[in-house]
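Notebook open, viewer open. I want to see how the inside of this chain is put together, one residue at a time.

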Amino acid sequence: MTDYRRNFVPGGSFTVNLTDRRLQLLTEHIETLRLAFRETRARHPFTIDAMVVLPDHLHAVWTLPEGDTAFATRWRQIKSTFSRNLSSDEPISASRAAKGERGIWQRRYWEHTIRDEDDFARHIDYIHINPVKHGLVTRVRDWPYSSFHRMVRLGIYPEDSAGDIAELGGNFGERS
């Protein structure tokens, strides 16, 4: 088995994807995803510094309690809780079936260690602009599944942060 290296630090940035990127399970079942996060946070506390949920993937920056490095445990529980609460009609590969896994989530996730305050700010900005980048909305404020709205209420961002992408001339409409 491949030995994936993980950084053992109390903060990080993550991208988690569905196996089938054509599906829209995360936004279609947003309350189920929220439940998975609430249940996991009740057992294993962490702070969500920023997050955006798109139809087929999500981005998040988390901080764990001092001395706690169990990001993988948290992601495993979030994925498992979400999956258990959905009907099981997705195609499942033989290898997943043999391990008793569902076919909803990609097995791994992308992780980045936040290096400093500038890196932290860049990742949070990236998270909030992501729905615009993927062509889901033209303004950051128009995407409902984002911590951007909390940051506006806290006075961290102005409501018109990033403006209207059409006015900026950006070509963020391509999905990756």
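**Entry 1: Leu33.** I started at leucine 33, which counts as buried at 2% relative accessibility. For the record, buried means under 20% relative accessible area, exposed over 50%, and partly exposed in between, with a 1.4 Å probe and protein chains only. Leucine 33 sits in helix H2. Helices (H or I, at least four residues) and strands (E, at least two) are DSSP runs, numbered from the N terminus. I then listed what leucine 33 touches, skipping residues up to four places away in sequence: Leu26, Val53, Leu58, Ile78, Phe82 and Trp105. Contact here is heavy atoms within 4.5 Å.

**Entry 2: ground rules.** This is a predicted model, where local features need pLDDT of at least 70 and side-chain atom pairs count only at pLDDT 80 or more, while totals for chains, interfaces and linings use all residues. Residues are numbered from 1 along each chain as its sequence is written, and side-chain values use heavy atoms, with hydrogens and water left out.

**Entry 3: the whole chain.** I counted up the secondary structure of the protein chain and got 7 helices and 4 strands. From the N terminus, the order is β-α-α-β-β-α-α-β-α-α-α. Of its 176 residues, 41% count as buried. I also checked the contacts with a separation of 6 or more: 64% of them are between residues 24 or more positions apart.

**Entry 4: helix H2.** Does the length agree or disagree with what its 14 residues should span? At 1.5 Å a residue I expect 20 Å, and the end C-alpha atoms of H2 are 20 Å apart, so that agrees. (The expected span is 1.5 Å times one less than the number of residues.) Next I pulled the buried residues of H2, which are Ile30, Thr32, Leu33, Ala36, Phe37 and Thr40. Looking down the axis of H2, they fall within an arc of 165°, so they line one face of the helix. That arc is taken from the directions from the helix axis to the C-beta atoms. Arg38 and Ala42, on the other side of H2, are exposed. The cover over the buried residues of H2 includes H1, E2, E3 and H3.

**Entry 5: across to H3.** Threonine 81 is in helix H3 and is buried, at a relative accessible area of 1%. Which residues does threonine 81 contact, leaving aside neighbours within four places in sequence? I get Ala36, Glu39 and Arg43. From leucine 33 to threonine 81 is 48 residues in sequence, but 8.2 Å in space, C-alpha to C-alpha. Serine 83 is in H3 too, buried with a relative accessible area of 6%. The C-alpha atoms of serine 83 and glycine 103 are 9.0 Å apart, with their positions 20 residues apart along the chain.

**Entry 6: aromatic pairs.** I find 12 of them in the structure. The rule: rings of Phe, Tyr and Trp (its six-membered ring) pair if their centres lie within 6.5 Å, and planes under 30 degrees apart count as stacked, over 60 as edge-to-face and the rest as tilted. Phenylalanine 14 and tryptophan 75 have ring centres 5.8 Å apart and planes at 65°, so they are edge-to-face. Phenylalanine 14 belongs to strand E1 (residues 11–17) and tryptophan 75 to helix H3 (residues 71–84), so this pair ties together parts 61 residues apart in sequence. Both phenylalanine 14 and tryptophan 75 are buried. Phenylalanine 37 also pairs edge-to-face with tryptophan 75, at 6.0 Å centre to centre and 90° between the planes. That pair links H2 to H3, 38 residues apart. Phe14, Phe37, Phe46, Trp62, Phe71 and Trp75 form one aromatic cluster. One more for Phe46: the charged end of arginine 41 sits over its ring, 5.4 Å from the centre. (That needs NZ of Lys or CZ of Arg within 6 Å of the ring centre and within 35 degrees of the ring normal.)

**Entry 7: cores.** A nonpolar core is a set of buried Ala, Val, Leu, Ile, Met, Phe, Trp, Tyr and Cys residues joined through side-chain atoms within 4.5 Å. The largest has 25 residues, and Leu33, Phe37, Leu58, Trp62, Trp75 and Phe82 touch the most other members. E1, H1 (25–28), H2, E2 (47–53), E3 (57–63) and H3 each supply at least two residues of this core. A second, separate core has 14 residues, among them Val52, Ile127, Val132 and Tyr157.
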